[in-house]
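Okay, thanks for squeezing me in, everyone. Let me put the thing on the screen, and then I'll walk you through it.

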2 protein chains.
Amino acid sequence: MFSQFRNRFPLTDEKWNEYIGYFNRIEVPAKTTLLEEGEVSKKLYIIEKGCIRVWFNNNGKDLTTQFFFENESVASIESFMKKLPSPTNIETIEPSVLWWIHKNDLDKILEEIKEIPELRDSLINKLFERTFDYMKYFVSFIKDSPAERYSNLIKERPQIILRVPQHYIASYLGITTVHLSRLKSKLVNKNS
Amino acid sequence: MFSQFRNRFPLTDEKWNEYIGYFNRIEVPAKTTLLEEGEVSKKLYIIEKGCIRVWFNNNGKDLTTQFFFENESVASIESFMKKLPSPTNIETIEPSVLWWIHKNDLDKILEEIKEIPELRDSLINKLFERTFDYMKYFVSFIKDSPAERYSNLIKERPQIILRVPQHYIASYLGITTVHLSRLKSKLVNKNS
DNA sequence: AAAATTTGATAACAAATGTTATTGTCTGCC
DNA sequence: GGCAGACAATAACATTTGTTATCAAATTTT
């Protein structure tokens, strides 16, 4: 699990062993709630196998805002950073194998990482990339129709289409399940 | 202009004078293009007075993605960071007084700032805050109707409503000018 | 001050999207 | 194997949103 990180980061063996000791491996079934709306997010999860969604209840409707797959890390990020109640739930979609680390331990690691110029810069770069990604999502809502957003998903995030139930995808696109179903049947007719 | 920054940052007088020397003051009329689609963004602008929008041409339609006002800094951020051609234009809305700094000079400042723990952390925090903001915009498109997004703008960014022509606001909300006009008249009737 | 341009409102009609209900398939579970 | 729940497709109808066109008011330019 950690070998891919290992190679990227110039740390001593002792450091690595210390850090790895902070992580805990768990196996959970599908539809397991990892964080509930209102709680403070204190664990960061890394996905070894499986997939996860972030969602919230909006006037009785289940709205999904993010999907995560293998090797991605998940937390309710603003809650996690600022110790605020999370507005969202975190839940597995598939049976999953996860590694979690407590915020306190991660903070220790981050404090040390920030002193190493390459790691610090790579952290800052990741933050920028994340911001760019969200900007693109945002612009896509201004620019593209639901049909175009769905086509983009197929191209850019096929894992979502293949592994996630359709009603979660619909809310992620900002449309109803009925509408998504219609879009799909139009696409099929167009391609035949 | 810079006194508000001055107080927040523990730098020597010499450093401050060096940094301030990098900035250039300009006054420009409304509808001045500061950056054109396809160019690489090399200047960061800080607004002393006036307002600015970021927009792009989407199949002949003028779509605005961001607004900026006094004391905010503006660049086509991904282009600026990575020296890529900008997908967007930057343009003044009102006659404006701006300060700009060249990317090369800003990079020099940032290199030094990153060595000072408080400044570095405040930089990282700002990056997080920016990401949170974009996440919220993104979620708002999933969660809220155009009417609700417009109401939110009135509450949270009244400057936009007061100072920006309506057709720019419409595209920012992802709707047509006709539709925005209808939403407004419904709001008026509801409140009377 | 007149002319041109920009901005905004509105109407009539078209297209997209939502709502509710029905039906069928699939999956996990006992 | 059968049952319950989750998931997806579709139809009929309602509502929202877009398109195009026209007019009026405000603003800028000459």
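Start with the loop between β1 and β2 (33-35) of chain B, because that's where Lys31(B) is found. Its phi is near 60°, a positive value in a residue other than glycine. And is Lys31(B) buried or exposed? At 61% relative accessibility, Lys31(B) counts as exposed. Keep in mind, by the way, that this is a predicted model.

There's another lysine to put beside that one. Lys83(B) isn't a glycine either, and still has a positive phi of about 55°. You'll find Lys83(B) in the loop between α3 (77-82) and β7 of chain B. Lys83(B) is exposed too, with a relative accessible area of 57%.

One more for the positive-phi collection, this time in a hairpin. β4(B) and β5(B) form a hairpin with two residues between the strands, and Asn59(B) takes a positive phi near 50° there.

Let's stay on that hairpin. Strand β4, residues 52-58 of chain B, and strand β5, residues 61-68, pair in the antiparallel sense over seven bridges. If you want a register marker, Val54(B) has Gln66(B) as its bridge partner in β5(B). β4(B) also pairs with strand β7, residues 89-92 of chain B, again antiparallel, through four bridges. There, Arg53(B) stands opposite Glu91(B). How many residues of β4(B) are buried? Six of its seven, so the strand is mostly covered.

Now the other sheet I want to show. In chain B, an open sheet of four strands runs in the order β1-β8-β3-β6, with antiparallel pairing. The edges are β1 (24-28) and β6 (73-74), each with a single partner strand, so one side of each is left without a neighbour in the sheet. Further in, strand β3, residues 43-49, is joined to strand β8, residues 96-102, by six bridges, and the two run antiparallel. Tyr45(B) stands opposite Trp100(B) in β8(B). Then helix α4, residues 103-113 of chain B, packs on this sheet. α4 touches β3 and β8, and its direction makes about 70° with that of β8(B).

While we're on β1, there's a salt bridge to look at. Arg25(B) and Glu27(B) make one, with the closest N and O atoms 3.0 Å apart. Arg25(B) counts as partly exposed at 41% relative accessibility, while Glu27(B) counts as exposed at 58%.

Okay, zooming out to the two chains. How do the copies relate? A rotation of 180° with 0.0 Å of shift along its axis superposes chain B on chain A, with an RMSD of 0.0 Å. The two copies are thus related as by a two-fold rotation axis. And 100% of the interface residues of chain B are also interface residues in chain A, so the copies meet through the same surface.

As for the contact itself, it takes 34 residues from chain B and 34 residues from chain A. The area buried between the chains is about 3,400 Å², and carbon and sulfur atoms give 75% of that. There are also eight salt bridges between chain B and chain A.

Let me show you a couple of those. Lys114(A) forms a salt bridge with Asp121(B), closest N and O atoms 3.1 Å apart. Lys136(A) forms one with Glu78(B), at 3.5 Å between the closest N and O atoms. Lys136(A) lies in helix α5, residues 117-143 of chain A, and Glu78(B) in helix α3 of chain B, so the pair joins two chains. Lys136(A) is partly exposed, at 45% relative accessibility.

There's also a network worth clicking on. Arg120(A), Asp121(A), Glu111(B), Lys114(B) and Glu115(B) are linked in a network of salt bridges. Inside it, the side chains of Glu111(B) and Lys114(B) meet at 3.6 Å, N to O. Which one is buried? Lys114(B) counts as buried at 12% relative accessibility, whereas Glu111(B) is partly exposed, with a relative accessible area of 45%.

Last stop is over in chain A. Six of the eight residues of helix α8, residues 166-173, are buried, so it is largely enclosed by the rest of the structure. Among the buried ones are Tyr168(A), Ile169(A) and Tyr172(A). Right after α8(A) comes Gly174(A), with a positive phi near 80°.

That's my tour, so over to you.

Terms used. Residues are numbered from 1 along each chain as its sequence is written. Chains are lettered from A and ligands numbered from 1 in the order in which they are written. Side-chain values use heavy atoms; hydrogens and water are left out. Copies are superposed by least squares on the C-alpha atoms of residues with pLDDT of at least 70 in both. Contact means heavy atoms within 4.5 Å. Two strands pair if DSSP finds at least two bridges between them. Axes are lines fitted to C-alpha atoms, for helices over the stretch in contact, and angles run from 0 to 180 degrees between N-to-C directions. Buried means under 20% relative accessible area, exposed over 50%, partly exposed in between (1.4 Å probe, protein chains only). Buried area is the accessible area (1.4 Å probe) that two parts lose on being put together, summed over both. A salt bridge is a side-chain nitrogen of Lys or Arg within 4 Å of a carboxyl oxygen of Asp or Glu.
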